Amino acid sequence: PAQSMEELVSLCKRRGFIFQGSEIYGGLQGFYDYGPLGVELKNNIKAAWWRSNVYERDDMEGLDASIIMHRMVLRHSGHEATFSDPMVDNKKNNKRYRLDHLVKDQKADVQARVAELMGVDPENFPALVAALNANPAQASQVLRDAGVRDSFSGEVGEWTEPKPFNMMFKTTIGPVADEDSYGYLRPETAQGIFTNFKNVVDSTSRRLPFGIAQIGKAFRNEITPRNFIFRVRELEQMEIEFFCVPGTDEAWHEHWLEKRLSWWEAQGVPRSKIEILDVPKEDLAHYSKRTYDLMYDYPTLGHEEIEGIANRSDYDLGSHTKNQAELGLVARVEENTDSVAKLTIPHPETNKPVVPFVIEPSAGVDRAMLAVLSEAFTKETLDNGNERIVLKLRPHLAPIKVAVIPLARNREEITSVAKAIKAELQGLGLGRVLYEDSGNIGKAYRRHDEVGTPYCVTVDFDTVGKGEDPALTDTVTVRDRDTLAQERVRISELASWIQAKLR
Ligand code: ATP
């Protein structure tokens, strides 16, 4: 695995996985562009998730809801009121920080001093942040007295009181910009699932339990975007809302924890690198009955959330439904007089209308990319003493499945065979097959090691009957990324050989 974030960032830029957004104008913080190989890897991760969670199950439907949503959706979801992080400003340089990030950035002795002044156990970081947030006037004083330093300048700052900062992007809709013509870019894909619950049930005749899966962009105006693609302002999520009969929710929660861990394992992210955080009751979001955060051990960052698996009880459908009072909701919800739909489904046994409970596994695509790249990243010393970097990606995730390399790029007899092989392999539907004639063979191998191409197929003079050994006519060299073994394979058998290896 990668030892540092830096070596990943450098590989991603060098080989065309990820670029800074708007780079030619100086870049835009918190936005990244996925390059030629990044788009393939990202698509492969999403396809693997979709296959496993939609196609391979019999209790799931897919959805692709719109990104801009009616502000009522985000009012009744609770996001208008509570989707905020506490922030503080440094009056000395007008820099703004997320309170928890700022405190986390401090040296241990400063952190301990803050905790002491606030009268909180220094080991309990969430409690410390909560205490600072709950006592803004005191917090500002304590941050100053404890000598909390600016994360960038390193100087002791002069801190304002913490105040909530709502992270939703607002946008005007239509040609007239009046007070009511705004909507929000969704801060999570989930709300589109809840607002379409009735549409999906009515159009598919689903009965409990079943789920709805969605992959798509979400937007969060993060106060301090950082750590490469770990924390960005435009992100992509892979989310499931799994609807079940109240009372069966705890068992389904365990089911999904297990399923998700084994999915990560199949993407090359082993369980041993994921810590399961059973979020303490006092740190739970108000709608959550219980949440497991999967904390992956990122290089440089340490354990940080890659996926959250929450039991959201009947909060979401209960918040968006009409006739709330008569539905016997368990969750505490705000009154809703705007919704026109009753979001219930017949109980499978009694047939009485019920608001189902929801289990929500929610994973970030960008954070998945980072974890997958990090696990695949390998530095090896070869027998000849040379070092090589190789991405040992699982073949189904590799951006390029096979590179077909003509040994001489100006010899028609060789290039025509290579192009025919490329076309044939491309037809297998494995993903991208690349016709690679961009440099010498050594460089091509190095490049394909670094981008994780499982096999390189080389067409040489022997292939076309112009080499030393006539027995090699109509064969090619296939080089294995991981073992470096080179094998001569007959062209007529190549497709089935590759197919068997990449299955
Ligand atoms: P954090 O505490 O790190 O800000 P969160 O608890 O707000 O994350 P959720 O709201 O649970 O995150 O979102 C579900 C998933 O979406 C996360 O597990 C993560 O993979 C992804 N995600 C959330 N915010 C971001 C972001 N700013 N950049 C990239 N991915 C994100």
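Ala, Val, Leu, Ile, Met, Phe, Trp, Tyr, Cys and Pro count as nonpolar, Asp, Glu, Lys and Arg as charged, and the others, Gly among them, as polar. Keep these classes at hand as you work through the exercises on this predicted model.

**Exercise 1. Sort the lining of a pocket**

Task: Find how many nonpolar, polar and charged residues line the second largest pocket, and which elements they come from.

Solution:
- Step 1. Start with the space itself: the second largest pocket has a volume of about 310 Å³.
- Step 2. Look at its wall, where 17 residues form the lining. Nearest the centre lie Val73, Thr195, His320, Ser339 and Val340.
- Step 3. Sort the lining by class, and you get 7 nonpolar, 8 polar and 2 charged residues.
- Step 4. Now trace the elements. Two or more lining residues come from each of strand S4 (68-70), helix H3 (71-76), helix H9 (190-195) and helix H10 (197-204). H3 gives the largest share, with 3 residues.

**Exercise 2. Explore the shell around the ligand**

Task: Work out which residues are closest to the ligand and what polar atoms they offer it.

Solution:
- Step 1. Count the neighbours: the ligand is surrounded by 16 residues, and the closest are Glu222, Arg231, Val232, Glu305 and Ile306.
- Step 2. Sort this shell by class as well: it has 5 nonpolar, 4 polar and 7 charged residues.
- Step 3. Turn to the nitrogen atoms of the ligand. One nitrogen contact, at 2.7 Å, is with an N or O atom in the side chain of Glu222. A contact at 3.3 Å pairs a ligand nitrogen with a polar backbone atom of Phe230.
- Step 4. Check oxygen next: a ligand oxygen atom lies 2.7 Å from a polar side-chain atom of Glu305.
- Step 5. Ask how much of the ligand is covered. On its own it has 600 Å² of accessible area, and the protein covers 81% of that.
- Step 6. Place the shell on the fold. Strand S11 (234-244), strand S14 (302-311) and strand S17 (357-364) each give two or more residues, and S14 has the largest share, 4 residues.

**Exercise 3. Follow a salt bridge**

Task: Explain why the pair Arg98 and Glu222 ties together parts that are apart in sequence.

Solution:
- Step 1. Find the pair: the structure holds 38 salt bridges, and in one of them the side chains of Arg98 and Glu222 meet at 3.5 Å, N to O.
- Step 2. Test the distance against the cut-off, which is within 4 Å for a salt bridge.
- Step 3. Locate both ends. Arg98 belongs to strand S6 (residues 95-98), while Glu222 sits in the loop between strand S10 (210-219) and S11, so the pair links parts 124 residues apart in sequence.
- Step 4. Look back at Exercise 2, where Glu222 is also among the residues closest to the ligand.

How values were computed: Residues are numbered from 1 along each chain as its sequence is written. This is a predicted model: local features need pLDDT of at least 70, side-chain atom pairs count only at pLDDT 80 or more; totals for chains, interfaces and linings use all residues. Side-chain values use heavy atoms; hydrogens and water are left out. A residue is near a molecule or strand if one of its heavy atoms lies within 4 Å of it. A polar contact is a pair of N or O atoms within 3.5 Å; within protein, one must be able to donate a hydrogen and the other to accept it, and residues adjacent in sequence count only if both atoms are side-chain atoms. Accessible areas come from the Shrake-Rupley method with a 1.4 Å probe; for residues, only the protein chains shown count as cover. On a 1 Å grid over the protein atoms alone, a cavity is a set of points where a 1.4 Å probe fits but cannot get out, and a pocket is an open set with protein on both sides within 12 Å along at least five of seven lines; lining residues have an atom within 4 Å of a point. Grid points are joined across faces, edges and corners, and a volume is the space filled by probe spheres set on the points.
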